[in-house]
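Trainee: I should be grateful for a close look at one helix of this protein and its surroundings. Please set it in the context of the chain as a whole.

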Amino acid sequence: MRALFRGLMASLIISILATGCGGGGGGGENSQDAAPETPVTPPSPQPQPPAQTFSISGTITASSSQAVDSDTNDPTRLAVSNDTVALAQIISNPITLGGYINQPGTGAPGQSRESGDLDDYFQVDLLAGQRVTLLVGDFEQADADLFLYDTQGNLLDFSIDSGELESLLIPEDGTFVVNVFAFRGGTNYILAIGAPSFSAQNVATSYPIVPWEAVVTYKEETQQSSTASKSKKMSRNFGLTQRAGGRGRGRLMAMRRGLVNAQHADQRLARAAIQKSHHIRDPDLRARWETLMTIKSLRADPEVSYADPNYQVKIMATPNDEAFPVQWHYPLIGLPEAWDITTGNPSIVAVIDTGILRGHPDLAGQQVEGYDFVRDPDSAGDGDGIDSNPSDPGESFGGGGESFHGTHVAGTVAARGNNREGVAGTAYSAKIMPLRALGKGGAGTSFDVDQAVRFAAGLPNDSGTVPQQRADVINLSLGGSPFSQTTQALYDEVRAVGVLVVAAAGNQASSTLEYPASYEGVISVSAVDIQRRLASYSNTGPAIDVAAPGGDNSVDINGDGYPDGILSTGGTKTSGGGINYVYSFLNGTSMAAPHVAGVLALMKSVNPDLTPADIDALLSDGQLSDDLGPAGRDDQFGHGIINARRAVLAALEASGTSPADSPRLTASASTLNFGTNGTTLELVLRNGGKGDLTLLSLTASPAWLQIESVNVDGAGLGTYQINVDRADLSPGIYTADINAQSDINNLAVRILMSVGYLNAGADVGVLYILLYDPISDEPVAQFASSGSSSGYPFQFSDIVAGEYEVVAGSDADNDLLICDAGEACGAWLTIDQPIRITLDNDMADLDFPVEFLVSLPNLNSQNQSQSQSSAGKLRAGGEEGQRNIKRLSGN
């Protein structure tokens with residue numbers, strides 16, 4: 001997604017022609033009178049002044065909610081064993097941890113390749129209902145499992161699937177040991193521990209199964225391999241007896257009880273895995289373990305297409321979007337309350353970006369016809385120039401990988417809701433008009449973007465066609481061009497036909513006007529984090545109209561075990577060229593803008609007669625937002641943070657409809673995580689509906705938790721400061737509830753705090769900071785930093801003047817690629833859109849965070865056999881291949 005800020009400027013080619021002059025009037029080579037030539041000694045070359053060189057320095061920070069496995073494959077840091085329950089590494093809670101495990105002789109060369117690192121054990125205090133999730137980075141080549149022990153080494157639970165995700169639900173409060181185990185190969189991984197994010201029935205290992213039964217489908221029989229011979233082989237190797245089913249379909253196979261421990265290594269059961277069963281005391285748990293381990297072995301058999309448990313089923317309520325609980329950014333702007341009124345039908349939002357993954361399961365059926373306006377075939381990357389297919393083919397980022405920026409933006413606008421998978425969009429019943437105007441590197445030209453804008457508004461354009469119905473809203477999560485009178489005239493024309501235009505303010509942390517966001521008539525959106533504070537990367541200035549969630553991947557303030565970025569639809573490419581459909585966390589004003597575009601789509605769905613001038617008036621009057629910063633409009637937040645419920649009610653009232661009063665007490669967060677170091681966070685209580693509401697009480701019982709009012713009105717609504725005091729508290733994880741009671745409804749906010757984890761977090765392993773030449777697409781210098789209490793300092797000296805990007809990441813698997821799945825990654829200012837620096841003097845204080853890049857798979861896919869082809873499947877564990885950047889060998 002590298003740099004929408006590479007610019008939308010047309011190319012300018014300058015040619016320099018050298019002209020040679022020949023001498024000599026009157027004479028030629030045949031002249032008898034020609035004087036002999038006098039040798040001429042060329043002048044000595046003048047010494048050239050040495051190239052100017054400069055230095056670059058800064059500090060990289062990691063959140064205390066992040067940690068690293070103490071014995072990765074990277075030899076730069078000495079490994080500290082965590083290979084047994086007794087040597088378990090102590091970690092805090094909540095946590096996002098990156099690690100590496102491998103079977104002996106697998107993985108890249110490094111300190112664990114030959115001997116292997118089968119097990120990583122972590123001791124952690126957990127709460128009932130918390131979920132421990134393992135995201136396997138290299139699941140196509142490796143298999144990792146997840147086990148839960150008590151501190152005495154008794155095995156309590158396990159998740160032993162063969163895919164990209166393993167997950168366990170914690171049954172009760174206590175101190176536990178979490179074990180990540182390498183069943184096959186070597187892989188990076190992410191271990192996420194936090195508040196419950198998904199309901200228990202959404203994870204395959206939580207489903208009840210019939211013990212000692214499997215449903216097996218064989219591959220096509222050949223003349224040499226009959227059904228009978230297959231059955232005999234299965235009976236001999238796995239103790240299976242067929243009970244039902246038949247050729248060409250699934251067969252119900254019964255297993256011989258107790259056979260797992262007698263199976264041989266050539267039947268693909270790791271001996272170390274079998275040894276774990278010796279610690280199982282519960283007979284029902286042992287039956288489940290034997291069943292799932294046999295199925296794991298069957299999936300590895302070359303003659304088996306699919307092997308699955310025989311699941312027990314019952315009548316039950318079907319859960320909705322799996323990852324919606326992780327989308328903290330929607331309650332922050334009052335979206336659930338707005339959805340009580342409308343979900344966006346029949347509005348259309350044009351997303352002008354890098355294109356879209358049209359087959360993503362959460363975007364299928366959500367699109368109207370679009371267009372590809374990338375004119376340059378080389379930049380387009382799809383074999384031609386302008387065409388009717390707006391699909392995103394992916395693009396190269398720093399040595400390999402793809403980004404699907406437009407897919408992420410489109411999902412925030414209108415990913416399908418209530419479809420029992422993935423995420424929901426802001427206006428999930430609206431339609432997306434995908435328009436591709438950015439090609440390789442996330443770059444394009446202002447002319448191509450203008451053509452896409454014209455198409456969306458139903459105006460004449462270079463495609464020679466217009467949509468059947470023009471868009472209601474246009475979203476532009478891009479920038480980099482200077483002011484253009486031609487483009488300003490275009491936006492004037494777009495407004496005149498009633499189309500609303502929203503644009504990202506930019507990610508340079510600058511107050512300089514950024515276009516197209518700063519054009520007159522375009523709604524410019526700055527970004528806030530989960531605490532409604534201005535995001536560190538967000539642009540500001542006089543053109544800012546409104547703020548919206550843009551996220552911050554470097555923290556986990558809500559304690560769900562995942563970074564506080566914006567979760568939406570995404571994708572990566574497989575090694576074979578297929579597409580992995582994922583759900584990824586990104587941050588930036590590119591993520592903030594589609595929240596506003598979606599809210600405007602909600603407004604237009606209930607009042608299609610709203611004009612751009614109407615929206616301007618409502619925004620200026622404060623009817624679409626909650627004020628932030630100084631009273632009234634300011635240069636950071638504009639008119640405040642968008643409020644979806646208020647916006648939809650304002651749209652209804654503008655149509656002459658007066659909705660019935662429906663006051664409702666809401667909070668800006670359902671959980672606040674103070675981690676190991678935090679002492680102060682903010683909580684905002686507000687009326688999420690229409691009508692009068694009064695807060696009657698706001699209480700918290702433990703002495704270590706205090707509440708102070710900061711900016712509260714006469715009804716008790718507004719901003720409160722929540723403080724924690726760890727003095728005199730014993731080590732452990734502490735929880736409490738803040739209870740808010742109003743005259744309409746009550747709510748509770750969960751508080752999480754850790755005490756005593758002095759050595760936990762703020763450590764993501766050795767970071768390799770690369771000075772990157774964006775022209776050659778290669779690193780020119782590298783600095784390895786092991787970190788300190790103040791972060792990861794770095795310095796480059798004697799660097800020749802020029803343009804560079806600064807990228808940093810860890811390399812847990814030691815494959816000389818940073819930013820792989822399960823590895824930390826960052827860039828100045830953000831990894832989504834690295835900012836190019838012009839080095840013409842010494843530069844200091846280039847400070848930025850790193851975070852583990854996390855992508856969530858579609859959990860419904862976990863029930864599918866893992867022996868299927870990887871093409872089209874969903875990937876977990878940090879968007880593997882999307883950011884992997886080649887580092888220099890050595891330190």
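Mentor: The account below begins with the whole chain, turns to helix α7, and then takes up some other parts of the fold.

The model is a predicted one. Its protein chain has 891 residues, of which 59% count as buried. The secondary structure comprises eleven helices and 45 strands. Of the contacts that link residues at least 6 apart in sequence, 74% are between residues at least 24 apart. The exposed surface of the chain amounts to about 34300 Å², and 49% of that area is supplied by carbon and sulfur atoms.

Helix α7 spans residues 446-456 and is mostly covered, with nine of its eleven residues buried. The buried positions are D448, V449, D450, Q451, A452, V453, R454, F455 and A456. What do these buried residues pack against? Their partners are four strands, β16 (348-353), β17 (371-372), β18 (431-436) and β19 (473-476), together with helix α8 (485-496). Just after α7, G458 adopts a positive phi of about 75°.

The packing of α7 on α8 can be described in more detail. The two helices meet at an angle of about 10°, and their axes lie 10 Å apart. Because angles under 35 degrees count as roughly parallel, α7 is roughly parallel to α8. On the α7 side the contact is made by D450, V453 and R454, and on the α8 side by T487, L490, Y491, E493 and V494. By class, four of the residues in this contact are nonpolar, one is polar and three are charged. The three α7 residues named here, D450, V453 and R454, are also among the buried residues of that helix.

Elsewhere in the chain, an open sheet of five strands runs in the order β3-β5-β10-β7-β8, with mixed pairing. Its edges are formed by β3 (89-90) and β8 (155-159); each has a single partner strand, so one side of each is left without a neighbour in the sheet. Within this sheet, β5 (residues 119-126) and β10 (residues 174-184) run antiparallel and are joined by eight bridges. Residue D120 stands opposite V180 in β10. Helix α3 (residues 283-300) lies across β7 (143-150), β8 and β10, and runs at about 30° to β8.

A further open sheet has four strands in the order β28-β34-β33-β30, again with mixed pairing. Here β28 (671-673) and β30 (695-699) occupy the edges, each with a single partner strand, so one side of each has no neighbour in the sheet. Neighbouring strands of this sheet are turned by 15° against each other on average, direction ignored. Strand β30 pairs with β33 (residues 732-742) in the antiparallel sense over four bridges. In β33, Q741 is the bridge partner of S697.

One single residue may be added. T217 belongs to strand β12 (residues 209-218). Is T217 buried or exposed? T217 has a relative accessible area of 18% and is therefore buried, as the limit for that class is under 20%. Apart from neighbours within four places in sequence, T217 is in contact with R249, G250, V304, S305 and Y306.

Conventions:
Residues numbered from 1 in each chain as written. Predicted model: local features only at pLDDT ≥ 70, side-chain atom pairs only at ≥ 80, totals over all residues. Heavy atoms only, no water. Buried < 20%, exposed > 50% of the residue type's maximum accessible area, 1.4 Å probe, protein only. Contact = heavy atoms within 4.5 Å. Areas by Shrake-Rupley, 256 points an atom, 1.4 Å probe, with all protein chains shown as cover. Axes fitted to C-alpha atoms, helices over the stretch in contact; angles between N-to-C directions. Parallel < 35°, antiparallel > 145°, perpendicular 65-115°, else oblique. Nonpolar A, V, L, I, M, F, W, Y, C, P; charged D, E, K, R; others polar. Pairing = 2+ DSSP bridges.
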